[in-house]
Amino acid sequence: MTRRAVVVGAGIAGLAAALQLHRIGWEPVVIERAPARRSSGYVVAFFGRGYDAAERMGILPALCERHVGAARPQ
Ligand SMILES: Cc1cc2nc3c(=O)[nH]c(=O)nc-3n(C[C@H](O)[C@H](O)[C@H](O)COP(=O)(O)OP(=O)(O)OC[C@H]3O[C@@H](n4cnc5c(N)ncnc54)[C@H](O)[C@@H]3O)c2cc1C
């Protein structure tokens with residue numbers, strides 16, 4: 001039986017949780033109250049635990065293609 005989870009918020013925390021749940025066989029549904037993606041975006045830089053988490057999730061190469069500034073573990 002597939003386990004289902006509702007994830008509230010499509011920020012980095014919600015999307016990371018949904019991705020990891022999906023990878024272990026859950027069926028996550030992400031609920032986002034904003035009507036659309038942010039139009040301006042944020043600067044992306046990685047430090048310490050954020051860098052480590054991205055590396056463990058296997059998304060570091062894709063994120064590094066978009067990063068501004070230093071990207072290294074601390
Ligand atoms: C201008 C700016 C620049 C930044 N630059 C960096 C940076 O370079 N590097 C870095 O590491 N961090 C940066 N940050 C911080 C980083 O953006 C936040 O730490 C991060 O976005 C927090 O992620 P989150 O998923 O916890 O929350 P959020 O990104 O706030 O996501 C929460 C989401 O949940 C949704 N939501 C909330 N309540 C509900 C509800 N009841 N129902 C449905 N949806 C809901 C919101 O609409 C939102 O989309 C920056 C922040 C700002 C403002």
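Here is a walk through the structure, from its overall layout to its pocket and a few individual residues.

Please keep in mind as you look that this is a predicted model. The protein chain contains three helices and two strands. If you follow the sequence from its start, these elements come in the order β-α-β-α-α. The chain has 74 residues, and 18% of them count as buried. Among the contacts in the protein chain with a separation of 6 or more, 35% are between residues 24 or more positions apart.

Let us begin with the strands, where a pair of charged side chains is worth finding on your screen. Side chains of opposite charge can pair when their charged atoms come close. How many salt bridges does a search of the whole structure find? The search finds one. Its partners are Arg 4 and Glu 27, whose closest N and O atoms are 3.4 Å apart. This pair links distant parts of the chain, since Arg 4 sits in strand S1 (residues 4-8) and Glu 27 in strand S2 (residues 27-31), 23 residues apart. Are the two partners buried or exposed? Arg 4 has 61% relative accessibility and, because that is over the 50% cut-off, it counts as exposed. Glu 27 has a relative accessible area of 36%, so Glu 27 is partly exposed.

Next, turn to helix H1, where you will find Ala 17. With 33% relative accessibility, Ala 17 counts as partly exposed. Its C-alpha atom is separated by 9.6 Å from that of Val 30, and the two residues are 13 residues apart along the chain. Going on past the second strand, you meet Ala 34 in the loop between S2 and H2. Ala 34 is also partly exposed, at 34% relative accessibility. From the C-alpha atom of Ala 34 to that of Gly 9 is 8.8 Å, although 25 residues separate them along the chain.

Now for helix H2. Which of its residues are buried? They are Gly 48, Tyr 51, Ala 54 and Met 57. The elements that cover these buried residues include H1 and H3. Just after H2 comes Gly 58, which takes a positive phi of about 80 degrees. Helix H3 holds Cys 64, a residue that is partly exposed with a relative accessible area of 29%. You can relate Cys 64 back to H2 through Ala 54, one of the buried residues of that helix: the C-alpha atoms of Cys 64 and Ala 54 are 9.9 Å apart in space, and the residues are 10 apart in sequence.

Finally, let us look at the largest pocket, which holds about 1,200 Å³ of space. Its lining is made up of 25 residues, and those nearest its centre are Ala 10, Gly 11, Ile 12, Leu 15 and Arg 38. Which helices supply at least two residues each to this lining? Helix H1 (12-23), helix H2 (48-57) and helix H3 (60-64) each do. Sorted by class, the lining has 18 nonpolar, three polar and four charged residues. Where does the pocket sit with respect to the domains? Both domain 1 (1-41) and domain 2 (43-74) give residues to the lining, so the largest pocket lies between them.

Definitions and conventions
Residues numbered from 1 in each chain as written. Predicted model: local features only at pLDDT ≥ 70, side-chain atom pairs only at ≥ 80, totals over all residues. Heavy atoms only, no water. 1 Å grid on protein atoms, 1.4 Å probe; cavity = no way out; pocket = protein on both sides within 12 Å on 5 of 7 lines; lining within 4 Å. Points joined across faces, edges and corners; volume = space filled by probe spheres on them. Helix = DSSP H or I, 4+ residues; strand = E, 2+ residues; numbered from the N terminus. Nonpolar A, V, L, I, M, F, W, Y, C, P; charged D, E, K, R; others polar. Domains from an automatic or database assignment. Salt bridge = Lys/Arg side-chain N within 4 Å of Asp/Glu carboxyl O. Buried < 20%, exposed > 50% of the residue type's maximum accessible area, 1.4 Å probe, protein only. Contact = heavy atoms within 4.5 Å.
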